[in-house]
Amino acid sequence: RRRTSFRAPDSWFKSLFVRKVDPRKDAHSHLLAKKEDNNLYKIQFHNVKPECLEAYNTLCAEVLPSIHRDSGYPCELVGTWNTWYGEQDQAVHLWRYRGGYPALTEVMNKLKSNKDFLEYRKERGKMLLSRRNQLLLEFSFWNEPVPRDGPNIYELRSYQLRPGTMIEWGNYWARAISYRQHNREAVGGFFSQIGDLYMVHHLWAYKDLQSREDTRNAAWQHEGWDEVVYYTVPLIQHMESRIMIPLKASPLQ
């Protein structure tokens, strides 16, 4: 006797919309990040009580450079800023850990017995409204951030991408970065690994706000820049721009 199979109508209907996904051979972090230096970055956002900002900056200047200079810590302070335009009464710190996650773990363990840092953290806690951080990798097609003389203002452009679009973003910006090197404005490009995911941060340096305006407008004179903008804008869910002023202790001035 012939047996017949039965499939519920709704099951058959749903099967029409099943999309086959090609397996990716590697994580986007392996495809987009630099492999030769194994650097890991941490960016910190500290929202400071308005009346405490000056004291907070003084406290940071006393402690953070000492960690940066101590060869016993495999980390470097890349830059430290106050936000000028954007979220007010905010400090932003960017650290580099040479050696990746093992270096980060080593620093964290050593700081647990650093009396100056523990006192700094205790005092800092009295001054903050909130804080958050992210662990980042740097895009392979951006230059590594290196100290620079000032005076400069810095723009941190942060993009929340649609999940699954990081490779596409990287492919377009690997070409686009060549359009934004003429005034040495490109400082660093990073994407998140822990914290808010599918986040991209582009760090730029300008002499002043007018220089920023002129430099950004000049990019549109390069053939291909309009195409990059056209194809990357749909990948973005949210974007934010901060104009930041470096603190005296910042290697990026």
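This is a short tour of one structure, with suggestions for what to select at each stop.

The model is predicted, so local features are taken only where pLDDT is at least 70, side-chain atom pairs only at pLDDT 80 or more, and totals for chains, interfaces and linings use all residues. Residues are numbered from 1 along each chain as its sequence is written, and side-chain values use heavy atoms, with hydrogens and water left out.

**Stop 1: an aromatic cluster**

Select Trp 142, Tyr 159, Trp 169, Trp 173, Tyr 179, Trp 204, Trp 220 and Trp 225, which form one aromatic cluster. Rings of Phe, Tyr and Trp (its six-membered ring) are paired here if their centres lie within 6.5 Å; planes under 30 degrees apart count as stacked, over 60 as edge-to-face and the rest as tilted. A search of the whole structure finds 15 aromatic pairs.

Now keep just Trp 173 and Trp 225 in view. Their ring centres are 5.8 Å apart and their planes stand at 85°, so this pair is edge-to-face. Trp 173 belongs to helix 6 (residues 166-176) and Trp 225 to helix 8 (residues 225-232), so the pair ties together parts that are 52 residues apart in sequence. Helices (H or I, at least four residues) and strands (E, at least two) are DSSP runs, numbered from the N terminus.

Add Tyr 179 to the selection. Tyr 179 and Trp 225 also make an edge-to-face pair, 6.3 Å centre to centre with 90° between the planes. Tyr 179 sits in the loop between helix 6 and strand 6 (186-194), 46 residues from Trp 225 in helix 8. Are these rings buried or exposed? Tyr 179 and Trp 225 are both buried, and Trp 173 is buried as well. Buried means under 20% relative accessible area, exposed over 50%, and partly exposed in between (1.4 Å probe, protein chains only).

**Stop 2: charges over rings**

Stay with the cluster and select Trp 204 together with Arg 180. The charged end of Arg 180 sits over the ring of Trp 204, 4.0 Å from its centre. A charge sits over a ring if NZ of Lys or CZ of Arg is within 6 Å of the ring centre and within 35 degrees of the ring normal. For another example, select Tyr 73: Lys 110 lies over its face, at 6.0 Å from the ring centre.

**Stop 3: salt bridges**

A salt bridge is a side-chain nitrogen of Lys or Arg within 4 Å of a carboxyl oxygen of Asp or Glu. By this rule the structure has 12 salt bridges.

Select Glu 155, and then add Arg 157 and Arg 212. Glu 155 meets Arg 157 in a salt bridge (2.9 Å, N to O), and Arg 212 also meets Glu 155 in one (2.9 Å, N to O). Arg 212 is in helix 7 and Glu 155 in strand 5 (residues 153-161), 57 residues apart. How buried are the three? Relative accessibility is 0% for Glu 155, 11% for Arg 157 and 17% for Arg 212, and each counts as buried.

Next, select Glu 76, Arg 96, Arg 98 and Glu 144, which are linked in a network of salt bridges. Within this network, Glu 76 and Arg 96 meet at 2.7 Å, N to O. Glu 76 lies in strand 2 (residues 75-85) and Arg 96 in strand 3 (residues 90-98), 20 residues apart. Arg 96 is buried, at 5% relative accessibility.

**Last stop: Leu 209**

Finish at Leu 209, in helix 7 (residues 209-219). Leu 209 is partly exposed, with a relative accessible area of 35%.
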